[in-house]
Amino acid sequence: MSQATIVAKRYAKALFEVAFEERQTLEIEEDLKSLVTALNSDAELQRFISSPRISGDDKLAVLKRALEGKLSGAVINTLEILMKRGRMDILPDLLDSYIKIEGDSLGLADATVYSTYSLSSSELTQVAEEFGRLSGRNIRITNVVDKSLLGGLKVIIGDTLYDGSLSGKLTRLEKSFNDKHRR
């Protein structure tokens, strides 16, 4: 584990404690996601933040003005600390750590569900309930359409893959036949 990851976990833990105290854990997660997405998707903003010609105070003033009212005070305060300490690079790791701490604390897990078509809200609810029973957590689903599956679902929760897709079943069947013919 890198030093940056360890530092990010410390910041994430502190931020989660504030969020939990203020009963804003999910809101702060969304704010962090928005911030990381905005910073990662805008090359001009990245150049601005990494520019040695602009003082940290000036960068912070511009960011605070731009983000005021759009992000929670806790996230803006965290951003201010990271900027002052020259640790803006750990923001994506901080987000990942925050989500993990939040999930462990609140019994949440994020699942990416791959399907051949966009699932309806009732289908998403059914998948969340089924995998919630399997994992013992409340499941939040992100549905990704993947036409290469041919049919069925592929679900990823953390490091675990549940492959019920037709293409996955065909691959396992092919492997089974190949293993039998090699003997």
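What is the accessible surface of the chain, and what percentage of it belongs to carbon and sulfur atoms? In this predicted model, the accessible surface comes to about 11,500 Å², and 52% of that area belongs to carbon and sulfur atoms.

**Figure 1. Overall layout of the predicted chain, with eight helices and four strands.** Read along the sequence, the elements follow the pattern α-α-α-α-α-α-β-α-β-β-β-α. The C-alpha atoms fill a box of roughly 65 × 35 × 30 Å along the principal axes, and the radius of gyration of the chain is 21 Å, where a compact globule of 183 residues would have a value near 16 Å. Buried residues make up 33% of the 183 residues. Among contacts with a separation of 6 or more, 68% join residues that are 24 or more positions apart. The chain carries 26 positive and 27 negative charges, and the mean positions of these two sets are 5 Å apart.

**Figure 2. Close-up of the largest nonpolar core, which has 30 residues.** The members that touch the most other members are Ile28, Leu32, Leu35, Met88, Leu91, Leu94 and Tyr98. Two or more residues of this core come from each of H1, H2, helix H4 (56-67), helix H5 (73-84) and helix H6 (91-106), and H1 gives the most, with seven residues. Another core, of 10 residues, lies apart from this one and includes Ala109, Val113, Ala128 and Ile157.

**Figure 3. Close-up of isoleucine 28 and serine 72, two residues in contact with each other.** Leaving out residues up to four places away in sequence, isoleucine 28 touches Leu15, Ala19, Ser72, Ala74, Val75 and Tyr98. Serine 72 is placed in the loop between H4 and H5, and it counts as buried because its relative accessibility is 13%, below the 20% limit for that class. With the same sequence neighbours left out, serine 72 touches Gln24, Ile28 and Asp31.

**Figure 4. Close-up of arginine 23, a residue other than glycine with a positive phi.** The phi of arginine 23 is near 55°, whereas most residues other than glycine have a negative phi. Arginine 23 is found in the loop between helix H1 (3-21) and helix H2 (25-41). Its relative accessible area is 73%, and arginine 23 is therefore classed as exposed, a class that begins over 50%.

**Figure 5. Close-up of glutamate 80, a buried residue of helix H5.** Glutamate 80 counts as buried because its relative accessibility is 17%. Once its neighbours within four places in sequence are set aside, glutamate 80 is in contact with Leu60 and Lys64. Between the C-alpha atoms of glutamate 80 and phenylalanine 20, which are 60 residues apart along the chain, the separation is 20 Å.

**Figure 6. Close-up of glutamine 46 in helix H3 (residues 43-50).** Glutamine 46 has a relative accessible area of 36% and is therefore partly exposed. Not counting residues up to four places away in sequence, glutamine 46 touches Leu39, Asn40 and Ser41. Threonine 125 lies 79 residues from glutamine 46 along the chain, and the C-alpha atoms of these two residues are separated by 38 Å.

Note on methods:
Residues are numbered from 1 along each chain as its sequence is written. This is a predicted model: local features need pLDDT of at least 70, side-chain atom pairs count only at pLDDT 80 or more; totals for chains, interfaces and linings use all residues. Side-chain values use heavy atoms; hydrogens and water are left out. Buried means under 20% relative accessible area, exposed over 50%, partly exposed in between (1.4 Å probe, protein chains only). The radius of gyration is taken over C-alpha atoms; the globule rule is 2.2 Å times the number of residues to the power 0.38. Contact means heavy atoms within 4.5 Å. Accessible areas come from the Shrake-Rupley method with a 1.4 Å probe; for residues, only the protein chains shown count as cover. Lys and Arg count as positive and Asp and Glu as negative; His and the chain ends are not counted. The place of a charge is taken as NZ of Lys, CZ of Arg, CG of Asp or CD of Glu. A nonpolar core is a set of buried Ala, Val, Leu, Ile, Met, Phe, Trp, Tyr and Cys residues joined through side-chain atoms within 4.5 Å.
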